[in-house]
Structures are given as C-alpha cells and as structure tokens.
Amino acid sequence: MTSVIRTEGLTKRYAGGVLAVDGLNLDVPQGERYGFLGPNGSGKTTTVRMLLGLVYPSAGRVELLGHPMPRAAKHALPRVGALVEGPAFVPHLSGRVNLSLIDQAGPGGGRRTRKTRVDGVLEQVGLDAIGARPVKAYSLGMRQRLGLAAALLRAPELLVLDEPTNGLDPAGIREVRDLLTALNEQGTTVFLSSHLLAEVEALCTSAAIVHRGRLVEQARVDDLLVPTGRLRVTTPQTQLACDVVAATGTAHVLEVDGSVLIVQLDGLAASDLNARLVQGGVAVDELVVERPTLEDVFLDRTGESVHSVEADAEADVLEVGRVRG
C-alpha cells in the first residue's frame, strides 16, 4: 500500500536546546484514518507544521504524497487540505466570502465553479444556513467548522487536521467524525492529530502514540485494542459460576466482586464459556469481553497517566515560551 506520509528521523530542536520532536518515524498508508495521538506539548503540532513545510526540521526527512518536503511543496500541497491549530479569517467578512478569498488564492480554483465549491463545503460542515454571517459573530466551534470547510475546497486526497474538534460540543464532534468517515470512504486519507484519546479510538483505523516528542507506538487500532483475555461475568449465582469455571480446566476466576466475576480465559473461547455456564444452570445476566481503551494502551506504553503527562506538557510549553522569549 502506498504511503501518503512518511518521515525518517524527523527532529526539531528550538533555540536553547528544547527538543520538540525527536527522531520521529511515521508511515501513513493511503486510505487510512490515521490518529496522531499525544498530550498537549508532545510535539504533535510541530510535526504537522513540518509535514506541511511550515517549519523546517532540524534533522530527518519528510515525504508527502511521495514528494520530499518542503522542496517539492508546489507538487504536494495542492492535493492536501489542512487545518492547523485555530483557523484565521477576516472577521468582518462572512464565512462564504472568506472561503471565496481562500479559493481564489490557491491553484485549481476556477472562478466559474467557485460558488458551487463554496456552497458545497459549507453544507458539508453544517454552516450553509449561516454562511452570510460575519465570522466575528461565529463561535469557536463555528470557526473550526469553517476551517474544515476551507480544507475541503479542493476535494483533497489527504486531509491533515490538528485538533479539528476543538470548541465543538458532543453533537458537533459526532458530526465531524461522521463527515471524516464519509470522506475517507470516498478515498480521502485522513491524518488526525489530537490529544483526545476517545476521539481517536472512535474514528481512526491506525494510530501513532507520541510522548515527549518521541514515537512510542504505531499500529492499527484493532491491534492496539486486542482483548485482554479476561471476561466480566455478571450473575446472581456467583458460587455456582465459580464451580463451573473451575470445572472447565481452561479458565479460572481472578476476582469476585458482588455479582461480578472476573474470569481469565486460558485457551477457552468466550462463547464456549458462556455455553458451559448456561448448561451448568448459571443465570448469566451479562458477559463482556474485556478490551483495553487507548487510554489503557497509552498508560501501558508511557508509564504515566494521561493527566500527569498533560500537566508536564503544560510546563514544557511554558519553558519553550521562556526560551523563545
């Protein structure tokens, strides 16, 4: 499968010795919904800026759609839609006029079809009813939607999005997720940078976890979230259930908490255990295969809680600000 993004040893060091990105090796296959996951301050936005040629790396190399960046930016960027951090617009102009200006600025934006393109992307992001309203009257979430609309103007092959759901309510997050899924199904590769683990877990097919500028893990999400081999069995007959589990010889009870048994499978399928419990006269109210969340995976790979890492990352950002100042 063709890689739409590839980095080798990508590194960014700022003045004062602050290492924002450290030897990053990414490989994003064509057609994926790829999550770039890490806490705030882990180097995600710096990486995205290097991918797009907005920041020059200190070391390493970047390929975007098969072209070296930033040297071949004129060949790659017209095929890419991007939303990096907070989108900027002319505040006293309407959303529709802002998009028209953006459409005029880049290659491939024919005048005759401009209105159709602008109206189409406004409808895609749910802003068609307020496209005539000045951007200064938009909420943060509306501005994010408008930024996403700008990224979609050229029907890009690759979408590079940095925290695209910032400022959106739960319904808006769901709408953006559905939109990105639909675009992906039509052939657009989505690269989503986010610190929201649940967002990446719900949307992405592959993911990379970064921590303090370094790549910790890169794999398909299904491979990251493989079952633990444990089950949660809820039943009012816990003692009988324990006896049935013990009799299998290929499973054992790890813990009993009220009406819940935690069962470790030792080669027995969950469906087989369920059948044996029912055959043994156990009333099974619920049987759940335990799977890790991305938060569990992050904790396991980094050895730190998400909250403590974010607190450390905020301190790192402050320190970078002092160095730059």
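This passage walks through a predicted model, from its confidence to a buried threonine, its cavities and some unusual backbone spots.

The confidence of the prediction comes first. The chain has a mean pLDDT of 88, and 93% of its residues reach 70 or more. One stretch stands apart: over residues 308-325 the pLDDT is below 50, although this stretch still has 17 contacts in the model beyond near neighbours in sequence. Where pLDDT is low, predicted coordinates should not be read in detail.

A good place to begin looking is T7, which sits in strand β1, spanning residues 3-14. Is T7 buried or exposed? Its relative accessible area is 3%, and because the cut-off for buried is under 20%, T7 counts as buried. The side chain of T7 has polar partners on the backbone. It reaches the backbone oxygen of L24 at 2.9 Å, while the backbone nitrogen of L26 lies 2.8 Å from a polar atom of the T7 side chain. Leaving aside residues up to four places away in sequence, T7 touches L24, N25, L26, L51, R61 and V62.

Next come the empty spaces inside the model. Rolling a probe the size of a water molecule over the atoms shows where such space is left. Three cavities of 30 Å³ or more are counted, and the largest has a volume of about 50 Å³. Which residues line the largest cavity? The lining is made up of P164, T165, I173, V176, R177, L180, L192, E199 and L203. Helices α6 (170-185) and α7 (197-203) each supply at least two of these lining residues, with α6 giving the largest share, four residues. Sorted by class, the lining of the largest cavity holds six nonpolar, one polar and two charged residues.

Finally, a few backbone details are worth finding on the structure. Most residues other than glycine have a negative phi, and most peptide bonds are trans. Against that background, the peptide bond joining M69 and P70 is cis, with omega at about 5°. P70 lies in the loop between β6 (67-69) and α2 (73-76). Two residues other than glycine have a positive phi: L65, near 55°, and A155, near 45°. L65 is in the loop between β5 (59-64) and β6, whereas A155 is in the loop between α5 (140-151) and β8 (158-162). Their surroundings can be set side by side: L65 counts as buried at 11% relative accessibility, while A155 counts as exposed at 68%.

Conventions: Residues numbered from 1 in each chain as written. Predicted model: local features only at pLDDT ≥ 70, side-chain atom pairs only at ≥ 80, totals over all residues. Heavy atoms only, no water. pLDDT = per-residue confidence, 0-100. Contact = heavy atoms within 4.5 Å. Helix = DSSP H or I, 4+ residues; strand = E, 2+ residues; numbered from the N terminus. Buried < 20%, exposed > 50% of the residue type's maximum accessible area, 1.4 Å probe, protein only. Polar contact = N/O pair within 3.5 Å; in protein donor to acceptor, adjacent residues only side chain to side chain. 1 Å grid on protein atoms, 1.4 Å probe; cavity = no way out; pocket = protein on both sides within 12 Å on 5 of 7 lines; lining within 4 Å. Points joined across faces, edges and corners; volume = space filled by probe spheres on them. Nonpolar A, V, L, I, M, F, W, Y, C, P; charged D, E, K, R; others polar.
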